[in-house]
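Work through the exercises below with the sequence and the model open side by side. Try each task before reading its solution.

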Amino acid sequence: MSVTLDIKLKRANKVYHEGETVAGVVTLCCKEPLQHNGIALSMDGIVNLQLSSKSVGVFEAFYNSVKPIPLISSSIEAAKAGKIPGGKTEIPFEFPLISKGNKVLYETYHGVFVNIQYTLRCDLKRPLLAKDLSRSCEFIVHSQPQKSKIVPTPVKFSITPETLQNVRERGQLPHFLIRGHLDATSCVISQPLTGEVQVDKSDVPIKSIELQLVRVETCGCAEGYARDATEIQNIQIAEGDVGHGLPIPVHMVFPRLFTCPTLETTNFKVEFEINVVVILQDDHLITENFPLKLCRV
């Protein structure tokens with residue numbers, strides 16, 4: 001006998017804030033009446049921390065600090081044991097999104113070594129040989145907007161062979177001057193990062209100019225920590241040998257779920273950086289790094 005179980009939330013975008021109510025319906029579709037031993041609903045919010053392969057075995061103390069951190073957990077009985085008639089049945093539910101104790105509901109974030117996730121799960125228990133049914137559904141939590149206003153402060157930069165770090169043979173570098181600015185490094189997460197890049201001179205033709213958004217995730221404790229930087233997205237803003245003295249606009253939208261407001265807690269940190277990358281025709285790679293502070297207003 002075919003039975004389908006589904007969870008539908010009232011909000012189409014599935015975005016909630018702390019203090020709001022997560023409401024929806026559990027939908028059951030079956031052709032014939034269905035005997036069951038109860039329908040349970042649970043809501044969980046968990047921070048999952050993972051160590052990168054280079055950090056495994058380095059610190060014994062790590063293994064305690066990278067255990068999953070529960071943020072919220074509650075469950076209700078949607079229906080007592082009984083019979084569900086054939087056809088489509090909808091059972092409404094509501095969960096208040098309130099953290100217990102002094103826990104903070106961090107914003108939903110899907111990273112590599114840090115994952116903050118909120119899920120609803122429905123379990124339908126069935127008698128004897130029939131297989132139990134379960135269904136999960138993720139919803140998104142946004143942190144409360146900060147009260148203070150952000151005043152954007154433009155950051156100017158100038159890249160020459162002399163300003164570069166991590167260079168082995170500076171004398172062999174071609175001469176170049178790349179200038180520009182970012183309109184702000186304290187950014188509102190819902191607004192794009194903007195600015196300009198301008199190539200004033202370059203002895204070697206330019207192959208490509210790119211913008212690289214990087215997440216920097218730190219897991220650990222007082223004994224030590226693992227800090228890992230990984231790429232979120234890379235956008236090419238110029239292709240080929242661009243005209244000298246021509247301003248090239250910088251525009252990058254922060255991707256949903258893969259970014260969150262900059263976060264710092266006792267066990268983990270989530271930070272973001274932007275790299276302006278210029279690739280020359282001879283495959284020299286010139287990179288300028290800017291730490292970003294993301295927030296929600």
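**Exercise 1. Place Q233 in this predicted model: which strand holds it, and which residues does it touch?**

Solution.
- Start with the element. Q233 lies in strand β17, residues 224-239.
- Next, list the contacts, skipping residues up to four places away in sequence. Q233 touches L211, Q212, L213, M252, V253 and P255.
- Finally, take a long distance. Q233 and K31 are separated by 202 residues in sequence. Their C-alpha atoms lie 47 Å apart.

**Exercise 2. How far can the model be trusted, by mean pLDDT and by element?**

Solution.
- Take the whole chain. Its mean pLDDT is 91. Of its residues, 94% reach 70 or more.
- Then go by element. Helix α1 (residues 62-65) has the lowest mean, at 60. Strand β9 (residues 109-110) has the highest, at 97.

**Exercise 3. Classify the ring pair of Y16 and F139: what are the centre distance and the plane angle?**

Solution.
- Recall the two quantities. An aromatic pair is described by the distance of the ring centres and the angle of the planes.
- Apply the distance cut-off, which asks for centres within 6.5 Å. By this rule the model has six aromatic pairs.
- Check the geometry. The centres of Y16 and F139 are 5.9 Å apart and the planes stand at 90 degrees, so the pair is edge-to-face.
- Locate both partners. Y16 is in strand β2 (residues 15-17) and F139 is in strand β11 (residues 133-142). The pair links distant parts of the chain, 123 residues apart.
- Look for further rings. Ring pairs join Y16, Y118 and F139 into a cluster.
- Test burial. The limit for buried is under 20% relative accessible area. Y16 has 1%, so Y16 is buried. F139 has 0%, so F139 is buried too.

**Exercise 4. Which residues have the most contacts inside the largest nonpolar core?**

Solution.
- Get the size. The largest nonpolar core has 78 residues.
- Name the hubs. I116 and F139 have the most contacts inside this core.
- Find the main contributor. Strand β20 (residues 268-280) gives the most to the core, with seven residues.
- Inspect I116. Leave aside its neighbours within four places in sequence. The contacts of I116 then include I46, V47, L71, Y106 and Y109. Also among them are L263 and F268.

**Exercise 5. In what order do the strands of the three-stranded open sheet run, and which are the edges?**

Solution.
- Read off the order. The sheet runs β1-β3-β8, with antiparallel pairing.
- Find the edges. β1 (3-9) and β8 (87-96) each pair on one side only, and are the edge strands.
- Add the twist. From one strand to the next it averages 20 degrees.
- Zoom in on one pairing. Strand β3 (residues 21-30) is joined to β8 by 10 bridges. One partner pair is T21 with P96 in β8.

**Exercise 6. Do the same for the four-stranded open sheet: what is its order, and how many bridges join β15 to β13 and to β18?**

Solution.
- Read off the order. The strands follow β12-β13-β15-β18, and the pairing is antiparallel.
- Find the edges. These are β12 (155-159) and β18, each pairing on one side only.
- Add the twist. Ignoring direction, neighbouring strands are turned by 20 degrees against each other on average.
- Count the first set of bridges. β13 (residues 176-182) pairs with β15 (residues 193-202) over seven bridges. G180 stands opposite V197. L182 stands opposite G195.
- Count the second set. β15 pairs with β18 (residues 247-252) over six bridges. Here Q198 faces P247.

**Exercise 7. K14 and L128 have a positive phi without being glycines. Where are they, and are they buried, partly exposed or exposed?**

Solution.
- Take K14. Its phi is about 60 degrees. K14 sits in the loop between β1 and β2. Its relative accessible area is 32%, so K14 is partly exposed.
- Take L128. Its phi is about 45 degrees. L128 sits in the loop between β10 (114-124) and β11. Its relative accessibility is 86%, so L128 counts as exposed.

Technical notes. Residues are numbered from 1 along each chain as its sequence is written. This is a predicted model: local features need pLDDT of at least 70, side-chain atom pairs count only at pLDDT 80 or more; totals for chains, interfaces and linings use all residues. Side-chain values use heavy atoms; hydrogens and water are left out. Rings of Phe, Tyr and Trp (its six-membered ring) pair if their centres lie within 6.5 Å; planes under 30 degrees apart count as stacked, over 60 as edge-to-face and the rest as tilted. Helices (H or I, at least four residues) and strands (E, at least two) are DSSP runs, numbered from the N terminus. Buried means under 20% relative accessible area, exposed over 50%, partly exposed in between (1.4 Å probe, protein chains only). Two strands pair if DSSP finds at least two bridges between them. Axes are lines fitted to C-alpha atoms, for helices over the stretch in contact, and angles run from 0 to 180 degrees between N-to-C directions. A nonpolar core is a set of buried Ala, Val, Leu, Ile, Met, Phe, Trp, Tyr and Cys residues joined through side-chain atoms within 4.5 Å. Contact means heavy atoms within 4.5 Å. pLDDT is the predictor's confidence in each residue, from 0 to 100.
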